[in-house]
Amino acid sequence: MNGEIIFLRLTDVGRKIDLKRASNIFLGTLDKQIAKSKDTPSYLDFPKSLNSVISQDINSDSNYITNITLQVKLYEEGVISIIARLNFKETPLEKLHTIKKTLLSTPDGTFTVNDFLKFQFAKFFSQIKGCIEEEGYILGVSKHEKYVLYCITDDIDDPRAFIGQNKSYFATLLMGENPNINLHQDQIDSTLSNSFSYLKNDYLIFDFDRTLIIDPNRDYYDILLITEIANYQLLELRTLDYLLDKRLAIAEEDIRHIYLKRRSFGRRLNKKVGNLQRLSYDFIFVLENIENVSKLIGDYYLVQIYTNLSKLFELGHWSESIRHRLESIEDIYKIAQTNFNERFLLYVEVLLSFIFIMEFILLIIDQFK
């Protein structure tokens with residue numbers, strides 16, 4: 001087999017990256033368009049990013065790997081994407097799964113592919129750290145998504161038949177399982193069912209963490225970008241979900257303070273409600289940007305690919321869950337504020353009643369003087 005294995009790693013680093021400032025540090029090109037091929041919509045337009053292809057002296061302990069390229073993208077919405085492309089040559093089919101464990105020798109040390117991507121992320125993050133707005137976005141941790149594309153570029157007359165002849169191996173490859181595992185036929189069929197073709201000699205199979213591409217023309221740049229964008233959306237949605245989890249925990253603690261009747265909490269509650277409203281608007285804008293990032297509609301081939309990935313990643317479910325959580329947090333604080341205001345009004349009424357009674361008593365006493 002000949003082709004390449006593409007490793008994607010996307011990490012959320014903050015609310016926003018100032019690409020203009022970053023371009024003074026990170027040598028790259030601003031890019032918002034893609035090279036369109038196959039049945040690609042003419043209106044396709046993706047998030048603005050700063051892209052750079054990095055050249056490094058990298059050697060491998062595998063005789064099958066011919067060369068390695070590294071691409072780094074800084075997305076304006078606070079995401080760093082690192083893509084490693086390992087070209088392989090004359091590799092036995094049954095050895096494809098071993099390439100991900102290949103050791104890479106670099107001037108910075110020896111790494112597996114995954115560790116190499118982690119190291120590169122840390123290096124580029126340290127360079128552009130000052131260009132990140134709201135670093136960590138009160139995350140405390142950095143969320144990331146990983147994805148692998150196995151691309152075979154041999155000219156296979158009947159890719160479907162080829163997959164059928166080696167279905168057990170390809171199923172374990174896409175699942176990330178040991179190829180010696182004895183998978184049930186139902187599991188094999190389910191894993192290989194997510195397939196697409198545009199030409200007679202190309203073939204795609206998608207799974208949650210991996211994709212298999214057979215294309216002798218190497219015409220899969222758009223597929224790679226769509227896959228990256230879908231992972232980008234999943235990452236941002238997972239990040240928002242995590243932020244809302246933390247916000248719910250804060251809301252729970254705030255409610256405890258209210259029912260402990262802490263006198264000073266009223267002012268803090270009003271402040272928190274105001275901050276929450278600003279945060280809610282911020283979340284809504286971020287969510288809208290995520291949901292509308294590709295705006296893919298119609299019966300285009302690339303739209304079919306994106307729709308399939310959206311279903312695999314359950315992007316619609318993530319969006320719906322986030323909106324529901326956001327509404328729940330808003331309701332919690334609104335109810336808390338209403339209860340606090342009602343309690344405050346009750347205190348005011350009692351105080352006014354006391355004053356009225358005292359005035360009445362004093363009036364009576366004055367009459368008997």
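# Briefing: pocket, strands and loops

The second largest pocket has a lining of 13 residues, with F7, N114, K146, V148 and R210 lying nearest its centre. The model is predicted. Its protein chain holds nine helices and 14 strands. Of the chain's 369 residues, 46% count as buried. Among contacts with a separation of 6 or more, 76% join residues 24 or more positions apart.

**The second largest pocket**

- The space in the second largest pocket comes to about 270 Å³.
- Rolling a probe the size of a water molecule over the atoms shows where empty space is left.
- Seven nonpolar, two polar and four charged residues make up the lining of this pocket.
- β1 (3–12), α2 and β11 (144–152) each supply at least two lining residues.
- Which element gives the most to the lining? The answer is β11, with four residues.

**Strand β1 and its two partners**

- Ten of the ten residues of β1 are buried, so the rest of the structure largely encloses this strand.
- On one side of β1, G3, I5, F7, R9 and T11 are all buried.
- On the other side, E4, I6, L8, L10 and D12 are all buried too, and both faces are covered.
- F7, from the buried set of β1, is also among the residues nearest the centre of the second largest pocket.
- β1 runs antiparallel to β7 (residues 79–88), and ten bridges join them.
- Within that pairing, L10 has S81 as its bridge partner, and G3 stands opposite F88.
- β1 also runs antiparallel to β11, through nine bridges.
- T11 of β1 faces H144 in β11 as its opposite residue.

**Strand β7 and the β6–β7 hairpin**

- Is β7 enclosed or open, and why? Ten of its ten residues are buried, so β7 is largely enclosed by the rest of the structure.
- One face of β7 carries V79, S81, I83, R85 and N87, all buried.
- The other face carries I80, I82, A84, L86 and F88, also all buried.
- β6 (65–75) is joined to β7 by ten bridges, and the two run antiparallel.
- V72 stands opposite I82 of β7.
- Three residues lie between the strands of this hairpin, where G78 takes a positive phi near 90 degrees.

**The open sheet β5-β8-β9 and helix α2**

- Three strands in the order β5-β8-β9 form an open sheet with antiparallel pairing.
- β5 (59–60) and β9 (109–111) stand at the edges with a single partner strand each, so one side of each has no neighbour in the sheet.
- Two bridges link β5 to β8 (residues 104–106).
- N59 is placed opposite S105 of β8.
- Helix α2 (residues 113–128) lies across β8 and β9, at about 125 degrees to β9.
- α2 is also one of the elements that supply at least two residues to the lining of the second largest pocket.

**Helix α4**

- In α4 (residues 167–175), the residues Y169, F170, A171, T172, L173 and L174 are buried.
- An α-helix has 3.6 residues a turn, so residues three or four places apart point the same way.
- What do the buried residues of α4 pack against? They pack against β11, α3 (159–165), α5 (185–191), β13 (203–206) and β14.
- G176 comes just after α4 and takes a positive phi of about 75 degrees.

**Loop residues**

- Most residues other than glycine have a negative phi, and most peptide bonds are trans.
- R218 is not a glycine, yet its phi is positive, at about 55 degrees.
- R218 sits in the loop between β14 (210–214) and α6 (221–259).
- R218 is partly exposed, at 40% relative accessible area.
- E314, a residue other than glycine, likewise has a positive phi, near 55 degrees.
- E314 belongs to the loop between α8 (301–313) and α9 (315–367).
- E314 is partly exposed, with a relative accessible area of 45%.
- Buried or exposed: which describes N63? N63 is exposed, with a relative accessible area of 78%.
- N63 is found in the loop between β5 and β6.
- In sequence N63 and F88 are 25 residues apart, and their C-alpha atoms are 8.7 Å apart in space.
- F88 is a buried residue of β7, whereas N63 is exposed.

Technical notes: Residues are numbered from 1 along each chain as its sequence is written. This is a predicted model: local features need pLDDT of at least 70, side-chain atom pairs count only at pLDDT 80 or more; totals for chains, interfaces and linings use all residues. Side-chain values use heavy atoms; hydrogens and water are left out. Two strands pair if DSSP finds at least two bridges between them. Contact means heavy atoms within 4.5 Å. Axes are lines fitted to C-alpha atoms, for helices over the stretch in contact, and angles run from 0 to 180 degrees between N-to-C directions. On a 1 Å grid over the protein atoms alone, a cavity is a set of points where a 1.4 Å probe fits but cannot get out, and a pocket is an open set with protein on both sides within 12 Å along at least five of seven lines; lining residues have an atom within 4 Å of a point. Grid points are joined across faces, edges and corners, and a volume is the space filled by probe spheres set on the points. Ala, Val, Leu, Ile, Met, Phe, Trp, Tyr, Cys and Pro count as nonpolar, Asp, Glu, Lys and Arg as charged, and the others, Gly among them, as polar. Buried means under 20% relative accessible area, exposed over 50%, partly exposed in between (1.4 Å probe, protein chains only).
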